[in-house]
Amino acid sequence: MSEYRTTAAAPVLVTAFLGQIFGVDPVTGRVVWEHKQDGAGYTSTALLITPAAIYAASISSVACLRYPTGELLWEVKTATHGRATLLLEGDRLFVAKQGEIECFSLTGQSLWHNRFKGKGMGPVALGVPGNVAQSDDKD
């Protein structure tokens, strides 16, 4: 009887800056894949990572890449520009920017957009019980 051992690969470290998203080997630091987002600028990129997907919001778009390969699944423009807060709840991805919230399906379709007209603008925190994403007001 032959005996073999399997070694689980280290998870891919995902990092993002200046509208670029990188998959990095955490053992060696080597970049294994990269993606440049549409409409990216000199601002931060918000990340939300699940075992199957990477959601990344730049100043004007949101993208979904397959984890851990970095394969682009979809990318769409957001209704509002700015630094994003992301929340994944069930089959909905919520993207909040500048006092507004947009809801997307997991295939990238915009389902609704609430401008909170007359309520002001600024960083947005999102949450449901047990799942909260705090706003980050530094840009």
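Let us start at a single residue: Thr45 is buried, with a relative accessible area of 11%, where buried means under 20% relative accessible area, exposed over 50% and partly exposed in between, for a 1.4 Å probe and protein chains only. Thr45 sits in the loop between β3 and β4 (46-49). Leaving aside residues up to four places away in sequence, Thr45 touches Ala16, Gly19, Gln37, Ala56 and Ala57; a contact here means heavy atoms within 4.5 Å.

A word on what you are looking at. This is a predicted model, in which local features need pLDDT of at least 70 and side-chain atom pairs count only at pLDDT 80 or more, while totals for chains, interfaces and linings use all residues. Residues are numbered from 1 along each chain as its sequence is written, and side-chain values use heavy atoms, with hydrogens and water left out. The pLDDT is the predictor's confidence in each residue, from 0 to 100. Its mean over the chain is 89, and 88% of the residues reach 70 or more. Over residues 1-7, however, the pLDDT is below 50, and this stretch has 0 contacts in the model beyond near neighbours in sequence.

Now step back to the whole chain. It has 0 helices and 13 strands; helices (H or I, at least four residues) and strands (E, at least two) are DSSP runs, numbered from the N terminus. Of the 139 residues in the chain, 40% are buried. If you take the contacts between residues at least 6 apart in sequence, 32% of them join residues at least 24 apart.

With that overview, we can walk into the first of two sheets to be visited here. Three strands form an open sheet in the order β1-β2-β3, with antiparallel pairing; two strands pair if DSSP finds at least two bridges between them. The edge strands are β1 (13-17) and β3 (31-36), each of which pairs on one side only. Neighbouring strands of this sheet are turned by 20 degrees against each other on average, direction ignored; the axes are lines fitted to C-alpha atoms, for helices over the stretch in contact, and angles run from 0 to 180 degrees between N-to-C directions.

You can trace a path across this sheet through one residue of β2. Strand β1 is joined to β2 (residues 20-24) by 5 bridges, and Ala16 has Ile21 in β2 as its bridge partner. On the β3 side, β2 and β3 are likewise joined by 5 bridges and run antiparallel, and there Ile21 has His35 as its partner. The hairpin of β2 and β3 has 6 residues between the strands, and in it Gly29 takes a positive phi near 80 degrees. Ala16 may look familiar, being one of the residues that Thr45 touches.

The other sheet is built from 4 strands in the order β8-β9-β10-β11, open and with antiparallel pairing. Its edges are β8 and β11 (110-114); each has a single partner strand, so one side of each is left without a neighbour in the sheet. The average turn between neighbouring strands of this sheet is 15 degrees, direction ignored. Although β8 (residues 85-89) is an edge strand, it is mostly covered, with 4 of its 5 residues buried. It is joined to β9 (residues 92-97) by 5 antiparallel bridges. Leu86 has Val95 as its bridge partner, and Leu87 stands opposite Phe94. In the hairpin of these two strands, which has 2 residues between them, Gly90 takes a positive phi near 60 degrees.

Our last stop is Trp74, in strand β7 (residues 72-77). Trp74 is buried, with a relative accessible area of 10%. Not counting residues up to four places away in sequence, Trp74 touches Tyr55, Val62, Ala63, Cys64, Leu93, Ser105, Leu106, Thr107 and Gly108. The side chain of Trp74 also reaches the backbone oxygen of Leu106 at 3.0 Å. Trp74 and Gln109 are 35 residues apart in sequence, with a C-alpha to C-alpha distance of 9.5 Å.

One of those neighbours, Cys64, brings us to the cysteines. Cys64 is buried at 2% relative accessibility, and Cys103 is buried as well, with a relative accessible area of 0%. Taking a disulfide as a pair of cysteine sulfur atoms within 2.5 Å, the count comes to 0 disulfides.

Note on methods:
A polar contact is a pair of N or O atoms within 3.5 Å; within protein, one must be able to donate a hydrogen and the other to accept it, and residues adjacent in sequence count only if both atoms are side-chain atoms.
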